[in-house]
Amino acid sequence: MTDTITQAAARPSPTRLAPGRAALRTGLRWTLLGFGLIVIAQYVADAPGIAASSTWGSALRLTVPIAVVAMGGLYSERAGIINVGLEGMMIGGTWMAGLFGWFWGPWAALGGGIVGGLIFGLLMALLCIEMGLNQLIVGVSINVIAAALARFMADIVFNGVDGGTIAHSPRIGGSLPTIGIPFLSGGYGTFDLTRVMEASGLPVVAQLGGIVGGLTRDVSITAVIGLLLIPATAYVLWRTPFGLRWRAAGERPAALQALGGDVHRTRWLAVLIGSGMAGFAGGYLVLISQGYVEHQTAGRGFIGLATLIFGNWMPSGVFLGSSLFGFSDAVGLGRPATFRALLFILAIVFVVVGMTRIMKGERRGGIAPLVLGVVLVLVFLFVPLPSGLATAAPYLVTLAVLVVAGVTMRPPAALGHVFPRKNARS
């Protein structure tokens, strides 16, 4: 029966859906290419910040909430439920995290974030799975309701208390521990090799020290938990019986039901797990700010949804996309020269992607990235960029990457399809 469900859960395709050695080799090549471009861009654009440990530390902190909320969306959409309500679930997570953290501290804030996400996950599951309402409309409604409800409840609970207003909660006391790697990045007070490498000023060595140091020095335990959710999700998706049912519910729900599975139960679990992860991402943002702040999600739920699409509904792709958007967000916090360096890197990557596709005979899929790459090269060389444009970096990168990746998208076959309750096993 397992083999039959496996066949039913996968649409015929000449490529494997699960990552393999070829994908790992490709990832290594792109990693080396990216590092080389960072080294070159630092000197071409006179932007030392592109490889600074402060930039990469910020990139890690900004990547985690996008990656976790995107993984939450992956749980829902792999089961066949379109989830455009990720932003609202994050908002619910931020408000509940602010409340729980105010009373019981930072660890409770994470738990509160999960609870806040689950509340809206229950609402989505009830309306979409049980009642069969339009999933897009429900998701948009959750986003609107969550923002309005958070402000309403903040006015009731936070406004007027010491340190609280309608726009933010009282400050959360305490913080969660941070970790580093001994000898490499000063963990446990030991020698910090990466700081010495970064300060050396040597080409390649300085950039490597800045990147590795930023990614491994004073990393919050919350970020570690969030990052561990990514390989855990991949393992569940590809290596467990639930992952098999989960994929089947989004690809061939009728086949899953015919072979004894319960589509509705599987979709319920997927939506609830995903909404809890979105709420966790909201709680993570609250811990960074040490309190709930209105609008602190700043559209990260929508970026997470775009990341999910860009990542082709694959955990590895979602992680890579989240890393790109987190890095671009960190770049937006730096000087304009750092943003120009990012444009240079994207231009070269898009040109390489376009030329590679055209050489493989995928002319239609190669034209868009090639043209976009050439345009970015011209902008880098001849167009003076306003300083305020850097703050829009993650959103510009989102649009650019979706243009490049849009031709290769493969959503689950039954995504958005309602499975009537009358077809369910009694």
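The paragraphs below lead through a predicted model, beginning with one helix and moving outward to its neighbours, its charged pairs and its surface.

Residues are numbered from 1 along each chain as its sequence is written, and side-chain values use heavy atoms, with hydrogens and water left out. Because this is a predicted model, local features need pLDDT of at least 70 and side-chain atom pairs count only at pLDDT 80 or more, whereas totals for chains, interfaces and linings use all residues.

A good place to start is helix H13, which spans residues 300-310; helices here are DSSP runs of H or I with at least four residues, and strands are runs of E with at least two, numbered from the N terminus. H13 is mostly covered, since eight of its 11 residues are buried, where buried means under 20% relative accessible area, exposed means over 50%, and partly exposed lies in between (1.4 Å probe, protein chains only). The buried residues of H13 are Arg300, Gly301, Ile303, Gly304, Leu305, Ala306, Thr307 and Leu308. Just after this helix, asparagine 312 takes a positive phi of about 60 degrees.

What does isoleucine 66 touch? This residue lies in helix H3, residues 53-78, and at 2% relative accessibility it counts as buried. Leaving aside residues up to four places away in sequence, isoleucine 66 is in contact (heavy atoms within 4.5 Å) with Arg300, Ile303, Gly304, Thr307, Ser322, Phe325 and Gly326. One of these partners, serine 322, is 256 residues from isoleucine 66 in sequence, yet their C-alpha atoms are 5.7 Å apart in space.

Arginine 300, one of the residues that isoleucine 66 touches, also takes part in a charged pair. Side chains of opposite charge can pair when their charged atoms come close. A salt bridge is counted here when a side-chain nitrogen of Lys or Arg lies within 4 Å of a carboxyl oxygen of Asp or Glu. Arginine 300 forms such a bridge with aspartate 329, the closest N and O atoms being 3.6 Å apart. The pair links distant parts of the chain, with arginine 300 in helix H13 and aspartate 329 in helix H14 (residues 315-332), 29 residues apart. Both partners are covered: arginine 300 counts as buried at 12% relative accessibility, and aspartate 329 is buried with a relative accessible area of 16%.

A search of the whole structure finds six salt bridges. Another of them joins the side chains of arginine 151 and glutamate 294, at 2.7 Å from N to O. Here too distant parts of the chain are linked, for arginine 151 sits in helix H6 (residues 135-157) and glutamate 294 in the loop between helix H12 (263-289) and H13, 143 residues apart. Arginine 151 is partly exposed, with a relative accessible area of 37%, while glutamate 294 counts as buried at 18%. Aspartate 192 forms a salt bridge with arginine 195, where the closest N and O atoms are 3.5 Å apart, and these two residues are linked with Arg217 in a network of salt bridges. Within this network, aspartate 192 counts as buried at 12% relative accessibility, whereas arginine 195 is partly exposed at 47%.

Further buried residues show how other helices meet their surroundings. Glycine 274 lies in helix H12 and is buried, with a relative accessible area of 0%; not counting residues up to four places away in sequence, it touches Gly72 and Tyr75. Isoleucine 230, placed in helix H9 (residues 221-239), counts as buried at 8% relative accessibility, and, with the same sequence neighbours left out, touches Ala67, Met71, Pro315 and Phe319.

Helix H2, residues 21-44, holds arginine 25 as well as glutamine 42. Is glutamine 42 buried or exposed? Glutamine 42 is buried, with a relative accessible area of 15%, and its contacts, apart from residues up to four places away in sequence, are Ala47, Pro48, Ile50, Ala51 and Gln207. Arginine 25, by contrast, is partly exposed, with a relative accessible area of 49%, and gathers with Arg21, Arg29 and Lys360 in a patch of positive charge on the surface. Patches are made of residues with over 30% relative accessible area and no salt bridge, like charges being joined within 9 Å and nonpolar side chains (Val, Leu, Ile, Met, Phe, Trp, Tyr) within 5 Å.

Conventions:
Accessible areas come from the Shrake-Rupley method with a 1.4 Å probe; for residues, only the protein chains shown count as cover. Lys and Arg count as positive and Asp and Glu as negative; His and the chain ends are not counted. The place of a charge is taken as NZ of Lys, CZ of Arg, CG of Asp or CD of Glu.
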